[in-house]
Amino acid sequence: MKSAPKGERIIITLLGRRNVGKSSLINAIVGQEIAIVSDTPGTTTDPVDKHYELLPLGPVTFYDTPGLDDEGYLGELRIRATQRVLSKCDISLLVVDEMGITSYEEDIIEELKDKAIPIIVVFNKIDIRGPKEEDISFCKENGLSYVEVSSKTGIGINDLKEEIIRIAPPYLKEEPLLVQDLVKQGDLVILVVPIDLSAPKGRLILPQVQVLRSVLDCNATGFVVKETELSQALKSIAVKPNLVITDSQVVKKVAEIVPEGIPLTTFSILMARHKGGDLGAFLEGICEIENLEDGDRVLISEACSHHVLEDDIGRVKIPKWVLSYTGKKIEFDVRSGSDFPEDLEKYKLVIHCGACMLTPTEMRRRVLECKRRGVPITNYGVAISKVNGVLERVLKPFNISVEEAG
Ligand code: SF4
(Lines give C-alpha, C1' and ligand atoms only; values in the text may rest on other atoms or scores of the structure.)
Protein backbone atom coordinates (compact mmCIF):
# COMPACT_ATOMS: atom_id res chain seq x y z
CA MET A 1 0.00 0.00 0.00
CA LYS A 2 1.37 3.44 -0.96
CA SER A 3 1.46 5.84 1.96
CA ALA A 4 -0.90 8.85 1.84
CA PRO A 5 0.59 12.29 2.57
CA LYS A 6 0.55 13.24 6.25
CA GLY A 7 -2.04 16.00 5.86
CA GLU A 8 -4.44 13.69 4.01
CA ARG A 9 -4.83 10.98 6.66
CA ILE A 10 -7.70 10.74 9.11
CA ILE A 11 -6.38 10.73 12.67
CA ILE A 12 -7.99 8.31 15.14
CA THR A 13 -6.72 8.58 18.70
CA LEU A 14 -7.06 5.89 21.37
CA LEU A 15 -7.36 7.24 24.89
CA GLY A 16 -7.88 5.69 28.27
CA ARG A 17 -6.15 4.62 31.43
CA ARG A 18 -2.84 2.84 31.39
CA ASN A 19 -3.25 -0.83 30.67
CA VAL A 20 -6.85 -0.82 29.44
CA GLY A 21 -5.55 -2.52 26.30
CA LYS A 22 -5.19 0.35 23.83
CA SER A 23 -2.12 -1.19 22.18
CA SER A 24 -3.79 -4.60 21.86
CA LEU A 25 -6.89 -2.96 20.42
CA ILE A 26 -4.88 -1.32 17.61
CA ASN A 27 -3.24 -4.67 16.92
CA ALA A 28 -6.67 -6.26 16.68
CA ILE A 29 -7.96 -3.56 14.31
CA VAL A 30 -5.02 -3.58 11.93
CA GLY A 31 -4.24 -7.24 12.40
CA GLN A 32 -0.55 -6.72 13.14
CA GLU A 33 1.71 -6.63 16.17
CA ILE A 34 2.82 -3.01 16.11
CA ALA A 35 2.32 -1.41 19.48
CA ILE A 36 4.19 -2.56 22.56
CA VAL A 37 1.88 -4.78 24.52
CA SER A 38 2.68 -5.44 28.13
CA ASP A 39 0.87 -6.08 31.38
CA THR A 40 2.95 -3.38 33.03
CA PRO A 41 0.91 -0.16 33.17
CA GLY A 42 2.38 2.76 31.22
CA THR A 43 4.48 0.82 28.70
CA THR A 44 3.56 3.22 25.90
CA THR A 45 5.65 6.32 26.45
CA ASP A 46 4.93 8.50 23.40
CA PRO A 47 1.94 8.36 21.09
CA VAL A 48 2.64 5.51 18.63
CA ASP A 49 1.12 5.73 15.19
CA LYS A 50 -0.06 3.04 12.81
CA HIS A 51 -1.29 3.60 9.28
CA TYR A 52 -4.23 1.61 7.98
CA GLU A 53 -6.63 1.74 5.03
CA LEU A 54 -10.14 1.83 6.51
CA LEU A 55 -12.43 1.66 3.50
CA PRO A 56 -14.55 3.51 2.49
CA LEU A 57 -13.04 6.23 4.70
CA GLY A 58 -9.57 5.87 3.20
CA PRO A 59 -6.13 6.18 4.83
CA VAL A 60 -6.28 6.57 8.60
CA THR A 61 -3.64 6.79 11.31
CA PHE A 62 -4.32 5.25 14.70
CA TYR A 63 -2.52 6.93 17.58
CA ASP A 64 -1.93 4.79 20.63
CA THR A 65 -1.44 7.31 23.42
CA PRO A 66 0.06 6.90 26.88
CA GLY A 67 -2.48 7.01 29.71
CA LEU A 68 -3.61 10.48 30.75
CA ASP A 69 -3.41 9.31 34.37
CA ASP A 70 0.36 9.53 34.42
CA GLU A 71 2.28 10.99 37.34
CA GLY A 72 5.67 12.67 37.76
CA TYR A 73 7.83 14.53 35.24
CA LEU A 74 7.81 11.76 32.60
CA GLY A 75 4.06 11.49 33.01
CA GLU A 76 3.74 15.23 32.36
CA LEU A 77 5.70 14.85 29.12
CA ARG A 78 3.50 11.96 28.05
CA ILE A 79 0.36 13.93 28.78
CA ARG A 80 1.64 16.88 26.75
CA ALA A 81 2.47 14.56 23.84
CA THR A 82 -1.07 13.17 24.01
CA GLN A 83 -2.53 16.68 24.03
CA ARG A 84 -0.57 17.46 20.85
CA VAL A 85 -2.11 14.42 19.15
CA LEU A 86 -5.57 15.54 20.28
CA SER A 87 -5.09 18.89 18.54
CA LYS A 88 -5.17 17.07 15.19
CA CYS A 89 -7.52 14.23 16.10
CA ASP A 90 -10.56 13.52 13.88
CA ILE A 91 -12.15 10.69 15.89
CA SER A 92 -11.41 9.41 19.39
CA LEU A 93 -11.78 5.95 20.88
CA LEU A 94 -12.05 6.03 24.67
CA VAL A 95 -11.01 2.56 25.77
CA VAL A 96 -12.55 1.30 29.02
CA ASP A 97 -11.87 -1.99 30.80
CA GLU A 98 -13.59 -3.79 33.66
CA MET A 99 -13.21 -0.73 35.90
CA GLY A 100 -15.90 0.91 33.80
CA ILE A 101 -16.56 4.63 33.43
CA THR A 102 -15.20 6.54 36.41
CA SER A 103 -14.67 10.27 36.97
CA TYR A 104 -11.39 9.84 35.08
CA GLU A 105 -13.20 8.77 31.90
CA GLU A 106 -15.88 11.40 32.46
CA ASP A 107 -13.20 14.13 32.52
CA ILE A 108 -11.76 12.87 29.22
CA ILE A 109 -15.24 12.82 27.68
CA GLU A 110 -15.76 16.43 28.75
CA GLU A 111 -12.44 17.43 27.24
CA LEU A 112 -13.20 15.66 23.95
CA LYS A 113 -16.63 17.28 23.80
CA ASP A 114 -15.03 20.71 24.39
CA LYS A 115 -12.75 20.05 21.46
CA ALA A 116 -15.72 18.84 19.37
CA ILE A 117 -13.97 15.49 18.73
CA PRO A 118 -16.39 12.61 17.96
CA ILE A 119 -16.12 9.87 20.62
CA ILE A 120 -16.69 6.13 20.64
CA VAL A 121 -16.55 4.49 24.06
CA VAL A 122 -14.94 1.09 23.54
CA PHE A 123 -15.71 -1.43 26.28
CA ASN A 124 -12.71 -3.72 25.93
CA LYS A 125 -11.98 -7.14 27.46
CA ILE A 126 -15.59 -8.37 27.16
CA ASP A 127 -14.14 -11.90 27.10
CA ILE A 128 -13.52 -11.32 30.84
CA ARG A 129 -16.72 -9.41 31.62
CA GLY A 130 -19.24 -7.21 29.80
CA PRO A 131 -19.83 -3.52 30.54
CA LYS A 132 -21.80 -2.56 33.63
CA GLU A 133 -25.46 -1.63 33.19
CA GLU A 134 -24.83 1.84 34.60
CA ASP A 135 -22.03 2.46 32.07
CA ILE A 136 -24.31 1.57 29.16
CA SER A 137 -26.95 3.90 30.64
CA PHE A 138 -24.32 6.63 31.00
CA CYS A 139 -23.48 6.35 27.28
CA LYS A 140 -27.14 6.40 26.27
CA GLU A 141 -28.01 9.35 28.52
CA ASN A 142 -25.05 11.34 27.18
CA GLY A 143 -25.62 10.47 23.53
CA LEU A 144 -22.29 8.61 23.36
CA SER A 145 -21.63 5.99 20.77
CA TYR A 146 -20.30 2.74 22.28
CA VAL A 147 -19.06 -0.66 21.14
CA GLU A 148 -18.22 -3.83 23.08
CA VAL A 149 -15.07 -5.63 21.97
CA SER A 150 -12.42 -8.13 22.95
CA SER A 151 -9.00 -7.45 21.44
CA LYS A 152 -8.03 -10.94 22.55
CA THR A 153 -10.77 -12.88 20.72
CA GLY A 154 -11.61 -10.32 18.02
CA ILE A 155 -15.27 -10.10 19.06
CA GLY A 156 -16.76 -6.73 18.12
CA ILE A 157 -13.72 -5.48 16.16
CA ASN A 158 -15.69 -5.29 12.89
CA ASP A 159 -18.53 -3.48 14.69
CA LEU A 160 -15.96 -0.98 15.92
CA LYS A 161 -14.64 -0.36 12.40
CA GLU A 162 -18.19 0.18 11.13
CA GLU A 163 -18.94 2.56 13.98
CA ILE A 164 -15.80 4.59 13.19
CA ILE A 165 -17.01 4.95 9.59
CA ARG A 166 -20.53 5.83 10.75
CA ILE A 167 -19.57 8.62 13.17
CA ALA A 168 -16.88 10.20 10.96
CA PRO A 169 -17.88 13.80 10.18
CA PRO A 170 -19.39 14.16 6.66
CA TYR A 171 -16.47 16.26 5.34
CA LEU A 172 -14.16 13.29 5.99
CA LYS A 173 -16.36 11.04 3.85
CA GLU A 174 -16.76 13.44 0.94
CA GLU A 175 -14.34 13.74 -1.95
CA PRO A 176 -12.12 16.73 -1.00
CA LEU A 177 -12.79 19.70 -3.27
CA LEU A 178 -9.94 20.98 -5.43
CA VAL A 179 -10.86 21.79 -9.05
CA GLN A 180 -13.84 19.48 -9.64
CA ASP A 181 -16.32 22.39 -9.74
CA LEU A 182 -14.12 24.55 -11.98
CA VAL A 183 -12.89 22.09 -14.61
CA LYS A 184 -14.76 19.75 -16.94
CA GLN A 185 -13.79 16.97 -19.29
CA GLY A 186 -11.67 18.16 -22.22
CA ASP A 187 -10.64 21.48 -20.60
CA LEU A 188 -7.10 22.78 -20.79
CA VAL A 189 -5.64 23.95 -17.47
CA ILE A 190 -2.27 25.65 -17.18
CA LEU A 191 -0.41 25.29 -13.88
CA VAL A 192 2.29 27.90 -13.25
CA VAL A 193 5.03 26.58 -10.99
CA PRO A 194 8.06 28.73 -10.21
CA ILE A 195 11.24 26.77 -9.66
CA ASP A 196 13.19 29.15 -7.44
CA LEU A 197 15.63 28.62 -4.59
CA SER A 198 12.82 27.75 -2.18
CA ALA A 199 11.50 24.96 -4.43
CA PRO A 200 12.42 21.50 -3.10
CA LYS A 201 15.11 19.72 -5.05
CA GLY A 202 13.89 17.37 -7.78
CA ARG A 203 10.16 17.45 -7.07
CA LEU A 204 7.02 19.55 -7.05
CA ILE A 205 5.38 20.48 -3.76
CA LEU A 206 2.32 18.63 -2.49
CA PRO A 207 -0.40 21.21 -3.39
CA GLN A 208 0.92 21.37 -6.98
CA VAL A 209 0.87 17.58 -7.30
CA GLN A 210 -2.61 17.34 -5.74
CA VAL A 211 -4.07 20.00 -8.04
CA LEU A 212 -2.51 18.38 -11.11
CA ARG A 213 -3.98 15.04 -10.05
CA SER A 214 -7.38 16.66 -9.56
CA VAL A 215 -7.19 18.14 -13.10
CA LEU A 216 -6.39 14.67 -14.50
CA ASP A 217 -9.25 13.16 -12.48
CA CYS A 218 -11.58 15.59 -14.31
CA ASN A 219 -10.34 14.13 -17.63
CA ALA A 220 -8.91 17.54 -18.49
CA THR A 221 -5.45 18.36 -19.83
CA GLY A 222 -2.89 19.72 -17.36
CA PHE A 223 -0.07 21.81 -18.74
CA VAL A 224 2.72 22.69 -16.29
CA VAL A 225 5.01 25.62 -16.95
CA LYS A 226 7.33 28.03 -15.10
CA GLU A 227 6.26 31.69 -15.01
CA THR A 228 9.29 32.56 -17.14
CA GLU A 229 7.98 30.38 -20.01
CA LEU A 230 4.30 31.28 -19.61
CA SER A 231 4.11 33.94 -22.37
CA GLN A 232 5.70 31.56 -24.84
CA ALA A 233 3.46 28.70 -23.77
CA LEU A 234 0.31 30.81 -24.27
CA LYS A 235 1.49 31.75 -27.76
CA SER A 236 2.30 28.16 -28.69
CA ILE A 237 -1.05 26.60 -27.81
CA ALA A 238 -3.83 26.76 -30.35
CA VAL A 239 -6.75 26.95 -27.90
CA LYS A 240 -7.55 29.38 -25.11
CA PRO A 241 -6.95 27.73 -21.71
CA ASN A 242 -10.06 27.26 -19.57
CA LEU A 243 -8.19 28.05 -16.37
CA VAL A 244 -4.74 29.13 -15.19
CA ILE A 245 -3.64 28.20 -11.68
CA THR A 246 -0.51 29.84 -10.36
CA ASP A 247 1.72 29.77 -7.33
CA SER A 248 0.81 32.87 -5.28
CA GLN A 249 4.38 34.14 -5.15
CA VAL A 250 4.30 35.01 -8.86
CA VAL A 251 0.59 35.89 -9.10
CA LYS A 252 1.21 39.55 -9.98
CA LYS A 253 3.47 38.68 -12.89
CA VAL A 254 1.15 35.90 -14.07
CA ALA A 255 -1.90 38.22 -13.90
CA GLU A 256 -0.06 40.65 -16.18
CA ILE A 257 0.72 37.90 -18.71
CA VAL A 258 -2.63 36.04 -18.76
CA PRO A 259 -5.30 37.98 -20.73
CA GLU A 260 -8.30 39.15 -18.62
CA GLY A 261 -10.68 36.83 -20.46
CA ILE A 262 -8.90 33.71 -19.15
CA PRO A 263 -9.93 32.67 -15.61
CA LEU A 264 -7.03 32.79 -13.15
CA THR A 265 -6.65 31.58 -9.58
CA THR A 266 -3.94 30.31 -7.22
CA PHE A 267 -2.97 26.98 -5.64
CA SER A 268 -3.34 28.65 -2.26
CA ILE A 269 -6.96 29.61 -2.81
CA LEU A 270 -7.76 26.09 -3.99
CA MET A 271 -6.04 24.69 -0.90
CA ALA A 272 -7.98 27.06 1.37
CA ARG A 273 -11.18 25.34 0.19
CA HIS A 274 -9.56 21.91 0.37
CA LYS A 275 -8.16 22.35 3.87
CA GLY A 276 -10.82 23.31 6.32
CA GLY A 277 -13.12 24.63 3.62
CA ASP A 278 -13.11 28.15 5.01
CA LEU A 279 -12.17 30.47 2.18
CA GLY A 280 -14.91 32.81 3.49
CA ALA A 281 -13.09 33.21 6.84
CA PHE A 282 -9.82 33.96 5.03
CA LEU A 283 -11.49 36.59 2.86
CA GLU A 284 -13.09 38.18 5.92
CA GLY A 285 -9.72 38.06 7.65
CA ILE A 286 -7.83 39.85 4.90
CA CYS A 287 -10.19 42.84 5.17
CA GLU A 288 -8.50 43.54 8.52
CA ILE A 289 -5.31 44.50 6.69
CA GLU A 290 -6.96 47.86 5.98
CA ASN A 291 -7.27 48.55 9.73
CA LEU A 292 -3.70 47.73 10.78
CA GLU A 293 -1.99 50.50 12.72
CA ASP A 294 1.55 51.33 13.82
CA GLY A 295 2.70 48.89 16.50
CA ASP A 296 0.11 46.17 15.67
CA ARG A 297 1.37 42.57 15.70
CA VAL A 298 0.74 40.11 12.88
CA LEU A 299 1.32 36.39 13.31
CA ILE A 300 2.84 34.45 10.43
CA SER A 301 1.92 30.82 11.12
CA GLU A 302 3.55 27.96 9.23
CA ALA A 303 2.39 24.39 9.83
CA CYS A 304 5.82 22.82 9.32
CA SER A 305 9.42 23.80 9.90
CA HIS A 306 11.84 24.18 7.04
CA HIS A 307 15.30 25.54 6.38
CA VAL A 308 14.95 29.32 6.14
CA LEU A 309 16.32 30.88 2.98
CA GLU A 310 17.33 34.48 2.37
CA ASP A 311 14.11 35.33 0.54
CA ASP A 312 11.79 33.24 2.74
CA ILE A 313 8.11 33.68 1.93
CA GLY A 314 6.86 33.91 5.54
CA ARG A 315 9.78 35.74 7.10
CA VAL A 316 10.79 38.11 4.32
CA LYS A 317 8.44 38.43 1.36
CA ILE A 318 5.03 38.60 3.08
CA PRO A 319 6.17 41.06 5.80
CA LYS A 320 7.76 43.24 3.10
CA TRP A 321 4.56 43.23 0.99
CA VAL A 322 2.32 43.93 4.01
CA LEU A 323 4.54 46.82 5.20
CA SER A 324 4.57 48.34 1.75
CA TYR A 325 0.77 47.88 1.28
CA THR A 326 -0.20 49.37 4.65
CA GLY A 327 2.61 51.91 5.08
CA LYS A 328 2.45 51.13 8.83
CA LYS A 329 5.11 50.02 11.30
CA ILE A 330 3.83 46.51 11.95
CA GLU A 331 5.58 43.84 14.05
CA PHE A 332 5.67 40.25 12.78
CA ASP A 333 6.06 37.03 14.76
CA VAL A 334 6.70 33.75 12.96
CA ARG A 335 5.63 30.44 14.51
CA SER A 336 6.15 27.15 12.73
CA GLY A 337 5.40 23.48 13.27
CA SER A 338 2.64 22.13 15.46
CA ASP A 339 2.98 25.15 17.69
CA PHE A 340 -0.13 27.36 17.36
CA PRO A 341 0.13 30.10 19.99
CA GLU A 342 -2.02 30.20 23.09
CA ASP A 343 -1.81 34.00 23.31
CA LEU A 344 -3.58 34.66 20.00
CA GLU A 345 -5.32 37.77 21.28
CA LYS A 346 -2.16 39.82 21.01
CA TYR A 347 -2.34 39.59 17.20
CA LYS A 348 -4.42 41.87 14.98
CA LEU A 349 -4.19 39.37 12.12
CA VAL A 350 -2.99 35.79 11.56
CA ILE A 351 -1.57 34.94 8.13
CA HIS A 352 -1.43 31.16 7.83
CA CYS A 353 0.49 29.07 5.29
CA GLY A 354 -1.30 26.73 2.87
CA ALA A 355 -1.37 24.03 5.59
CA CYS A 356 -0.55 21.15 3.24
CA MET A 357 0.90 19.21 6.19
CA LEU A 358 -2.20 19.67 8.36
CA THR A 359 -5.34 17.61 8.19
CA PRO A 360 -8.54 19.53 7.33
CA THR A 361 -9.67 19.00 10.93
CA GLU A 362 -6.49 20.53 12.30
CA MET A 363 -6.83 23.57 10.06
CA ARG A 364 -10.51 23.92 10.91
CA ARG A 365 -9.60 23.96 14.61
CA ARG A 366 -7.05 26.73 14.04
CA VAL A 367 -9.61 28.81 12.15
CA LEU A 368 -12.25 28.15 14.82
CA GLU A 369 -9.84 29.07 17.59
CA CYS A 370 -9.11 32.39 15.86
CA LYS A 371 -12.84 33.03 15.40
CA ARG A 372 -13.53 32.16 19.04
CA ARG A 373 -10.90 34.65 20.19
CA GLY A 374 -12.02 37.31 17.70
CA VAL A 375 -8.70 37.27 15.82
CA PRO A 376 -8.98 37.59 12.01
CA ILE A 377 -7.19 34.85 10.06
CA THR A 378 -6.25 34.65 6.41
CA ASN A 379 -3.79 32.60 4.40
CA TYR A 380 -0.67 33.27 2.38
CA GLY A 381 -2.37 33.05 -1.00
CA VAL A 382 -5.23 35.40 -0.12
CA ALA A 383 -2.85 37.87 1.54
CA ILE A 384 -0.38 37.85 -1.36
CA SER A 385 -3.13 38.32 -3.94
CA LYS A 386 -4.58 41.18 -1.89
CA VAL A 387 -1.34 43.13 -1.44
CA ASN A 388 -0.53 42.63 -5.12
CA GLY A 389 -3.93 44.02 -6.17
CA VAL A 390 -5.21 40.85 -7.88
CA LEU A 391 -7.51 39.33 -5.24
CA GLU A 392 -10.76 40.14 -7.06
CA ARG A 393 -9.40 38.56 -10.22
CA VAL A 394 -8.28 35.29 -8.64
CA LEU A 395 -11.67 34.95 -6.89
CA LYS A 396 -13.68 35.38 -10.11
CA PRO A 397 -13.62 31.66 -11.03
CA PHE A 398 -15.55 31.01 -7.77
CA ASN A 399 -18.11 33.78 -8.40
CA ILE A 400 -17.31 35.48 -5.10
CA SER A 401 -15.96 38.90 -4.31
CA VAL A 402 -14.09 40.20 -1.27
CA GLU A 403 -16.97 42.60 -0.45
CA GLU A 404 -19.47 39.70 -0.29
CA ALA A 405 -17.18 37.71 1.98
CA GLY A 406 -16.34 40.65 4.27
S1 SF4 B 1 4.85 25.79 5.50
FE2 SF4 B 1 2.69 25.18 5.30
S3 SF4 B 1 2.24 25.21 3.10
FE4 SF4 B 1 4.47 25.23 3.35
S5 SF4 B 1 5.06 23.08 3.22
FE6 SF4 B 1 4.78 23.54 5.40
S7 SF4 B 1 2.63 23.03 5.83
FE8 SF4 B 1 2.85 23.12 3.60
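Biologist: I would like to learn to read this structure, starting with one helix. Which residues of α10 are buried?

Modeller: Phe267, Ser268, Ile269, Leu270, Met271, Ala272 and His274 are the buried residues of α10. Please keep in mind that we are looking at a predicted model. To judge burial, count the other C-beta atoms within 10 Å of a residue's own: 20 or more makes the residue buried, and 12 or fewer makes it exposed.

Biologist: What does that say about helix α10 as a whole, residues 267-274?

Modeller: Seven of its eight residues are buried, so α10 is largely enclosed by the rest of the structure. For the chain of 406 residues, the buried share is 39%.

Biologist: Which residues does α10 meet in α14?

Modeller: On the α10 side the contact is made by Phe267, Ser268, Ile269 and Ala272, and on the α14 side by Tyr380, Gly381 and Val382. Sorted by class, this contact has five nonpolar residues, two polar ones and no charged ones.

Biologist: How do I describe the way α10 and α14 pack, in angle and distance?

Modeller: Give the angle between the two directions, then the distance between the axes. Here the angle is about 140° and the axes are 7 Å apart. That makes the two helices oblique, because over 145 degrees would be needed for roughly antiparallel. The crossing of α10 past α14 is left-handed.

Biologist: And what are the angle and axis distance for α11 and α14?

Modeller: Helix α11, residues 279-286, packs against helix α14, residues 380-387, at about 40°, and their axes are 10 Å apart. These helices are therefore oblique to each other as well. Their crossing is right-handed. In this contact, Phe282, Leu283 and Ile286 of α11 meet Val382, Ala383 and Lys386 of α14. By class, that gives five nonpolar residues, no polar ones and one charged one.

Biologist: Let's turn to strands. In what order do the four strands of the open sheet lie?

Modeller: To read a sheet, follow the neighbours across it. The order is β12-β11-β13-β14, and the pairing is parallel. β12 (331-336) and β14 (377-379) are the edge strands, each pairing on one side only. From one strand to the next, the twist averages 25°.

Biologist: How many bridges join β11 to β13?

Modeller: Four bridges join β11, residues 297-302, to β13, residues 349-352, and the two strands run parallel. You can find one bridge yourself: leucine 299 has valine 350 in β13 as its partner.

Biologist: Which strands does helix α12 lie across?

Modeller: Helix α12, residues 313-326, lies across β11, β12 and β13, and runs at about 145° to β11. Helix α14 also packs on the sheet, where α14 touches β13 and β14, and its direction makes about 80° with that of β14.

Biologist: Now β1. Which of its residues lie on one side and which on the other?

Modeller: Start with the general pattern: in a regular strand, side chains alternate between the two faces of the sheet. In β1, Ile10, Ile12 and Leu14 are on one side, Ile11, Thr13 and Leu15 are on the other, and all are buried, so both faces are covered. β1 spans residues 10-15, and with six of six residues buried this strand is largely enclosed by the rest of the structure.

Biologist: How many bridges join β1 to β3?

Modeller: Five, and the two strands run parallel. Threonine 13 stands opposite tyrosine 63 in β3. β1 also pairs in the parallel sense with β4, residues 91-96, over four bridges. There, leucine 15 has leucine 94 as its bridge partner.

Biologist: Some backbone angles look unusual to me. Is the peptide bond from leucine 55 to proline 56 cis or trans?

Modeller: Look at omega: near 5°, this bond is cis. Proline 56 sits in the loop between β2 (48-54) and β3 (58-64).

Biologist: And what is phi at alanine 355?

Modeller: Near 60°, a positive value in a residue other than glycine. Alanine 355 is in the loop between β13 and α13 (360-372). With 26 C-beta neighbours inside 10 Å, alanine 355 counts as buried.

Biologist: Is asparagine 399 buried or exposed?

Modeller: Asparagine 399 is exposed, because 7 other C-beta atoms lie within 10 Å. Its phi is positive too, about 55°, although asparagine 399 is not a glycine. Look for asparagine 399 in the loop between α15 (391-395) and α16 (402-405).

Terms used: Residues numbered from 1 in each chain as written. Predicted model: local features only at pLDDT ≥ 70, side-chain atom pairs only at ≥ 80, totals over all residues. Axes fitted to C-alpha atoms, helices over the stretch in contact; angles between N-to-C directions. Parallel < 35°, antiparallel > 145°, perpendicular 65-115°, else oblique. Left-handed = near helix turned anticlockwise from the far one by under 90°. Contact = placed C-beta atoms within 7 Å. Nonpolar A, V, L, I, M, F, W, Y, C, P; charged D, E, K, R; others polar. Pairing = 2+ DSSP bridges.
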